[in-house]
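Visitor: I should be grateful for a close look at a single part of this structure, with its neighbours taken into account.

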Amino acid sequence: MERPNRQLLLSELRIRNAAYDVSLSRSVLSWKRRSSSPVYRPFRPSVCHSVSVSEIISVREEEEKSSRRRDGSSWKKIEKQGTDSRHAFTVLYVERCRQHRWRCAEVTFTCPEEALFQHWVSSIREQLAAISRTRHTHTHTHTHTHTDEHVCDPCCPACRPKHLLVYINPYGGKKQGQRIYEHKVAPLFNRAGVSTHVIVTEHANYARDHLRTEAELKTYDGVVCVGGDGMFSEIVHGLVWRTQVDAGVDPNGPQGALLPCSLRIGIIPAGSTDCICFATVGTNDPVTSALHIIVGDSQPMDVCSVHHNNTFLRYSVSLLGYGFYGDVLTDSERKRWMGPARYDVSGVKMFLTHHYYEGTVSYLPARGIMGTPRDAAKCRSGCVVCHHNGQLLSDGAGRYEVNEASECGDSWRTIRGKFLAINAASMSCACPRSPKGLSPAAHLADGTTDLILVRKCSRFDFLRHLLRHTSKDDQFDLTFVEVHRVRRFCFTPRHCQSDSDLELDLRENGKRQIFRQFCRDYPTCGCAPAYSSWNCDGEILTHTAIDVRAHCQLIKLFARGIEEPMVFEDFTNPCAI
């Protein structure tokens with residue numbers, strides 16, 4: 001097998017008016033400035049740059065020198081030396097900036113002769129085409145095993161998309177989705193040769209319904225949403241539902257395993273919080289997200305299914321919150337006229353009301369896995385925990401399904417009490433306001449969710465817990481907070497019956513029942529409500545008694561996880577990639 005670092009080309013080319021040694025292998029394109037004579041500049045270091053072939057966006061041939069006036073002085077010097085600008089080509093590539101941002105950089109090389117120019121252009125294009133061919137072959141070979149297709153190493157070359165289905169939410173966030181796409185994203189797609197079919201959504205759930213019924217998914221390499229977390233949730237619901245229906249799987253069954261989606265999802269952030277994008281890329285920058293899509297990154301992600309009495313309600317990819325976060329969302333819906341500020345106002349209001357709720361939580365702990373919710377290590381690009389636990393679950397999927405009935409008897413644990421908040425975090429839920437998130441050590445693709453229980457406590461203690469989301473302190477190191485890494489959990493409020501979550505217990509005595517009914521219908525009376533609502537990724541669930549199950553690596557994103565800072569912040573080293 002040919003070594004990826006074996007040199008394919010090595011030539012002396014010019015960048016502007018300086019000579020460079022330029023080399024190309026199957027994995028890296030590098031250029032190093034030829035050092036001047038040591039007699040004149042003995043201490044001048046040679047400048048070296050390298051870029052991974054998998055992060056080259058495209059290569060283009062330059063036009064006649066008369067049509068290029070951006071850098072007139074440099075071209076005049078080339079002209080004097082007798083160099084024809086038709087022998088120049090430009091490489092567009094990914095350049096890493098601070099705070100996990102990417103940008104599209106370019107470098108123009110000038111060749112001394114036509115034959116060498118054509119050889120360089122064709123060689124780079126062949127390497128870019130080989131990336132997609134290799135990945136396509138790998139994917140089709142493992143169509144029936146799912147393991148290798150969905151447990152991806154972000155460092156390996158991935159299949160680059162050529163045809164994308166794009167949904168734009170023109171109303172999300174600051175209503176800038178269409179402008180962001182047209183000015184920042186579409187030009188990059190055009191440079192990379194990515195064709196798109198753009199649909200501007202007309203109302204809520206438009207993208208979900210279109211994916212379920214009308215979209216010809218076989219003609220696309222991925223689906224891109226331009227909007228916030230709500231828009232992403234629509235795409236997930238439509239794509240997962242369509243995948244199950246096309247494969248003959250009942251999406252309503254809480255016991256059955258769901259099939260992973262073959263199409264990847266791209267997120268162009270244009271919402272209020274963009275939590276999903278921040279947790280998977282590390283920044284809410286449209287250009288960075290577009291570049292991840294272009295280079296074909298692949299990041300698997302878990303999805304939780306939420307059921308009530310064996311009836312499907314919703315999918316969740318980030319946060320399920322009952323109590324405090326459910327109340328904040330419910331109250332904020334009455335203040336939509338305030339825009340994003342409504343969440344701050346409702347948050348202060350719900351903190352001051354300090355409602356607690358009684359109920360029973362039953363959960364199935366994740367056994368035999370790597371990692372705990374209290375780990376110091378975070379989920380990062382190429383995460384070993386996600387790969388190990390995903391592989392473990394895939395290898396033992398059949399045994400897990402067979403033994404699930406016995407596990408329900410002995411392995412389930414039950415907690416009863418009064419709770420200020422019950423949260424299930426399938427990822428860290430980090431965002432610019434809370435860089436650590438609700439569960440800093442939660443993983444994107446390990447087949448689990450972190451169940452966080454905040455018991456009844458004083459306002460001061462609850463404030464300590466909330467403030468730790470923005471500090472370096474351990475938010476779980478409090479006596480009234482406990483966290484469990486689980487595969488499945490159920491919640492039943494104290495006053496729920498099996499036929500309806502919004503009915504009070506009819507076995508209560510008559511007078512007590514009358515007053516509780518009055519408090520439920522007229523909450524302004526000042527009494528604490530008997531039940532809260534579930535906040536499911538920013539949507540209110542219609543039931544409070546729910547059954548939640550984590551599905552390992554059900555979807556894939558055009559992302560690679562958050563990269564470690566050392567990968568892209570070492571600007572002092574000129575040879576750093």
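**Strand E12 and its partners**

Guide: The model is a predicted one, and the part chosen here is strand E12, residues 299-308. Both faces of E12 are covered. On one side lie Gln-299, Met-301, Val-303, Ser-305 and His-307, and on the other Pro-300, Asp-302, Cys-304, Val-306 and His-308, all of them buried. Counted along the strand, 10 of its 10 residues are buried.

Two strands pair with E12. Strand E21, residues 546-557, runs antiparallel to E12 and is joined to it over 8 bridges. Within this pairing, Ser-305 has Arg-549 of E21 as its bridge partner. Ser-305 is also one of the buried residues listed above.

Strand E13, residues 311-316, is likewise antiparallel to E12, with 5 bridges between the two. Here the bridge partner of Val-306 is Arg-314 in E13. Val-306 belongs to the side of E12 that also holds Cys-304 and His-308, whereas Ser-305, the partner of Arg-549, belongs to the opposite side.

The connection between E12 and E13 is a hairpin in which 2 residues separate the strands. In that turn, Asn-309 adopts a positive phi of about 50°.

To summarise, E12 is a buried strand that pairs in the antiparallel sense with E21 and with E13, the latter through a hairpin.

How values were computed:
Residues numbered from 1 in each chain as written. Predicted model: local features only at pLDDT ≥ 70, side-chain atom pairs only at ≥ 80, totals over all residues. Heavy atoms only, no water. Buried < 20%, exposed > 50% of the residue type's maximum accessible area, 1.4 Å probe, protein only. Helix = DSSP H or I, 4+ residues; strand = E, 2+ residues; numbered from the N terminus. Pairing = 2+ DSSP bridges.
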